[in-house]
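Please look over the sequence and the model shown here. The paragraphs that follow go through a few helices, their packing, and some backbone details.

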Amino acid sequence: MIAMDKFDPKSFIEERIVWLRNEIGCEDAIVALSGGVDSSVTAMLGFKAIGSRLKPIFLDDGFMRIGESDRVRIIFDKLGVKVHVYDVEDEFLGALRGVRDAEEKRKRFRETFYRVLSRIARELGVRVVLQGTIAADIVETRRGVKTQHNVLEQIGIDPLRSYGFKVIEPLKDLYKDQVRLVARELGLPDEVVKRKPFPGPGLSIRILGEVTSDKLSVIKKATAIVDEELSDIDCFQAFPVLLEGMATGLSRDGGRKYGYMIALRIVESEDAMTARYMKLDWSRLEKVRDKLIAEIPEVSRVLYDITDKPPATIEFE
């Protein structure tokens, strides 16, 4: 890992471009973009290293924010990079059907992610994959806190033997705050540099318990509302979680309403290794609460999480 006080993003970029050229050699490569800063920085480093031999793809797995694939395409179009979108929602939903345990979800997602990536790599005749794994992903997986979907070799899984491609991780020594400095030095737009972290398995782990189409629809709407209402908040992450079970409430006409419970999680952090819950003004929280209940009829209750990391993790699952 590289200490923050000794980190120079410009020198890092120059060194990693040379390193990537040596690692990739004469091969073509693919990079799976997610819309976040880690994969975006990885893609731009790859393009500076091998140019058009890098093929960026977006796996539309059904667990992303509403409109995410279009957003990613537009951003990279402006940067002169064409992104190919693959609709693989049915495969991912099928893989997680009936699964309730958080770790099992992450492992099923990881297996599906790499199986799909392997198929696309074969179709494109590519044997090298660039990946935006960062230090926090590796640390939490090794410690057994939670399985990160993009960690393989560090836990004894050989991607070449298992999936048919070599994985190259140019950011594996950096933490999130350092990646943002690299992103800014590369000239990426603020909507990427300041993009709040989003879990690799997406909204599948912001649904506690079993993932269903109905629950996925609710959490997508809730995420869009929270993103819109709290876009100006200076925090590390702000997101809703769909809790397991239902709660009794009252409908607008005073009748009984039995609906979902949404928990709001807003935290401050530098490197994602520790975090503090944010003491947001109550009027802001009330506005988000009102909009969630008014615009999502299936929701009957909204809660606010005031737990730091540790003892909690930032994500619920």
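In helix H11, the residues Leu285, Val288, Lys291 and Leu292 are buried, where buried means under 20% relative accessible area, exposed over 50%, and partly exposed in between, with a 1.4 Å probe and protein chains only. These buried residues cover an arc of only 130° around the axis, which puts them on the same side of H11; the arc is that of the directions from the helix axis to the C-beta atoms. An α-helix has 3.6 residues a turn, so residues three or four places apart point the same way.

This is a predicted model, in which local features need pLDDT of at least 70 and side-chain atom pairs count only at pLDDT 80 or more, while totals for chains, interfaces and linings use all residues. Residues are numbered from 1 along each chain as its sequence is written, and side-chain values use heavy atoms, with hydrogens and water left out. Helices (H or I, at least four residues) and strands (E, at least two) are DSSP runs, numbered from the N terminus.

The face of H11 turned away from its buried side carries Trp282 and Lys287, which are exposed. On the buried side, H11 packs against helix H10 (213-229), strand S7 (256-268) and strand S9 (299-304), contact being heavy atoms within 4.5 Å. H11 runs over residues 282-295, and its 14 residues should span 20 Å at 1.5 Å a residue; the end C-alpha atoms are 20 Å apart, which agrees. The expected span is 1.5 Å times one less than the number of residues in the helix.

Helix H1 can be read in the same manner. H1 has 16 residues and reaches 22 Å from its first C-alpha to its last, close to the 22 Å expected. Its buried residues are Pro9, Phe12, Ile13, Arg16, Ile17, Leu20 and Ile24. They cover an arc of only 135° around the axis, which puts them on the same side of H1. Among the elements that cover the buried residues of H1 are H2, strand S4 (128-130), strand S5 (166-168) and helix H8 (176-185).

How do H1 and H2 pack, and at what angle? H1 (residues 9-24) and H2 (residues 37-50) pack at an angle of about 65°, with their axes 9 Å apart. That makes H1 roughly perpendicular to H2. Axes here are lines fitted to C-alpha atoms, for helices over the stretch in contact, and angles run from 0 to 180 degrees between N-to-C directions. Angles under 35 degrees count as roughly parallel, over 145 as roughly antiparallel, 65 to 115 as roughly perpendicular and the rest as oblique. At this interface, residues of H1 including Phe12, Arg16 and Leu20 meet a set in H2 that includes Leu45, Gly46 and Ala49.

Just after H1, Gly25 takes a positive phi of about 65°. Gly35 lies in the loop between strand S1 (29-33) and H2, and counts as buried at 4% relative accessibility. Not counting residues up to four places away in sequence, Gly35 touches Ser40, Glu68, Arg71, Val72 and Arg195.

Further along the chain, Ala272 is found in the loop between S7 and strand S8 (276-277). Ala272 has a positive phi of about 75° although it is not a glycine, and it is buried, with a relative accessible area of 16%. In the segment after S9 is Pro310, joined to Lys309 by a cis peptide bond with omega of about -10°. The peptide bond from Pro310 to Pro311 is cis as well, with omega near 15°.
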